[in-house]
Amino acid sequence: MTAAEQDLFTAPDPAHARAHRTYAALTRIAERHASDDARRRRHTNPYVPDPYEAVALVTALAAGGAELAADEEPVDSADLVAALTLVPHVRAELDALEAGLLRLARDRGLTWQSIAYGLGLGTPQAARQRFERLTGRVDAGAGSNARNDGTRQNDDGGGRPDGEGSGEGDGRPDGGDGERDGGGRGR
């Protein structure tokens, strides 16, 4: 049996297919809308747009928020599909950025109340739940629970390698913000 015949009976790898589509989407947008110096100056990277830039560029061009160059083709449906292909990558990058910022805030002693205020959320519990959802998505996307600094994320969200919480001052096991999960255990 030839390799081509064997491929007919092998299920496609979704991750490989997604990576191929991501590359194709970035290449398409770069070739069509960032192929010369004048067009690339609209971006922070002088060689190729990152996923956010590519999505923002196609959106701006399609909505009329950026002008097409004289010899540039207008945004077509394939450009829109290419930009949509990149949205999950943009979301993942933003999730990782926000999760990292939340970890830094907790590591530097910010309370969940302060974090909730900064995020425009109504309660410390909402901020903590957002953090847990974000880190769950980021960790799942990375394929592990490892943090970028090599420590494991622990239950309290503080991420300290010694397993201790942030201990925000009143001696409660929940870090001092009074939050408890639905089971009544401190986090």
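What follows is a chat between two people about reading a predicted model, one feature at a time.

Colleague: Let's begin with the overall build. How many helices and strands are in the protein chain?

Modeller: Keep in mind that this is a predicted model. The protein chain has seven helices and zero strands, so if you walk from the N terminus you read α-α-α-α-α-α-α. Of its 187 residues, 30% count as buried. The chain exposes about 11,800 Å², and carbon and sulfur atoms supply 55% of that.

Colleague: And what do the contacts say about parts that are far apart in sequence?

Modeller: Take the contacts between residues at least 6 apart in sequence: 53% of them join residues at least 24 apart.

Colleague: Next, the inside. Which residues make up the largest nonpolar core?

Modeller: The general idea is that in soluble globular proteins, nonpolar side chains tend to be buried together. In this model the largest nonpolar core has 12 residues in all, among them Ala25, Leu26, Ile29, Val58, Leu61, Leu86 and Val90. Helices α2, α4 and α5 each supply at least two residues of this core, and α4 gives the most, with five. There is also a second, separate core of 10 residues, which includes Ala99, Ala105, Ala127 and Phe131.

Colleague: Phe131 sounds worth a look. Which residue does Phe131 form an aromatic pair with?

Modeller: With Trp112. A search of the whole structure finds one aromatic pair, and this is the one: the rings sit 5.6 Å centre to centre with 50° between the planes, which makes the pair tilted. Trp112 is in helix α6 (residues 112-119) and Phe131 is in helix α7, so the pair links parts of the chain 19 residues apart.

Colleague: Are those two rings buried or exposed?

Modeller: Buried means under 20% relative accessible area. Trp112 has 0% and Phe131 has 3%, so both count as buried.

Colleague: How do I read a helix like α6, where some residues are buried and others are exposed?

Modeller: Start with the geometry: an α-helix has 3.6 residues a turn, so residues three or four places apart point the same way. In α6, the residues Trp112, Ile115 and Ala116 are buried. Seen down the axis of α6, the buried residues fall within an arc of 100°, so they line one face of the helix. On the other side, Tyr117 and Gly118 are exposed.

Colleague: What do the buried residues of α6 pack against?

Modeller: Against α5 and α7. And just after α6, look at Gly120, which takes a positive phi of about 75°.

Colleague: On to charges. How many salt bridges does the structure hold?

Modeller: Eight. A good way to read one is to ask which parts of the chain it joins. Take Arg32 and Glu73, whose side chains meet at 2.9 Å, N to O. Arg32 is in helix α2 (residues 14-33), while Glu73 is in the loop between α4 (51-63) and α5 (77-107), 41 residues apart. Arg32 counts as buried, at 15% relative accessibility. Both residues also belong to a network of salt bridges that links Arg28, Arg32, Glu73, Asp76 and Asp79.

Colleague: Which salt bridges tie α5 to α7?

Modeller: Here are two. Asp95 forms a salt bridge with Arg137, the closest N and O atoms being 2.9 Å apart. Asp95 lies in α5 and Arg137 in α7 (residues 124-142), 42 residues apart. The two partners have unlike surroundings: Asp95 is buried, at 9%, whereas Arg137 is partly exposed, at 46%. Then there is Asp139 with Arg103, where the closest N and O atoms are 3.8 Å apart. Asp139 lies in α7 and Arg103 in α5, so this pair ties together parts that are 36 residues apart in sequence. Asp139 and Arg103 are both buried.

Colleague: One last residue. Where is Thr135, and which residues does Thr135 touch?

Modeller: Thr135 sits in helix α7 and is buried, with a relative accessible area of 7%. Leaving aside residues up to four places away in sequence, Thr135 touches Ala99 and Arg103. You have met both already: Ala99 in the second core, and Arg103 as the salt-bridge partner of Asp139. Thr135 and Leu102 are 33 residues apart in sequence, and in space they are 9.6 Å apart, C-alpha to C-alpha.

Terms used. Residues numbered from 1 in each chain as written. Predicted model: local features only at pLDDT ≥ 70, side-chain atom pairs only at ≥ 80, totals over all residues. Heavy atoms only, no water. Salt bridge = Lys/Arg side-chain N within 4 Å of Asp/Glu carboxyl O. Helix = DSSP H or I, 4+ residues; strand = E, 2+ residues; numbered from the N terminus. Buried < 20%, exposed > 50% of the residue type's maximum accessible area, 1.4 Å probe, protein only. Contact = heavy atoms within 4.5 Å. Areas by Shrake-Rupley, 256 points an atom, 1.4 Å probe, with all protein chains shown as cover. Phe/Tyr/Trp six-rings, centres within 6.5 Å; stacked < 30°, edge-to-face > 60°. Core = buried A, V, L, I, M, F, W, Y, C linked by side-chain atoms within 4.5 Å. Arc of directions from axis to C-beta.
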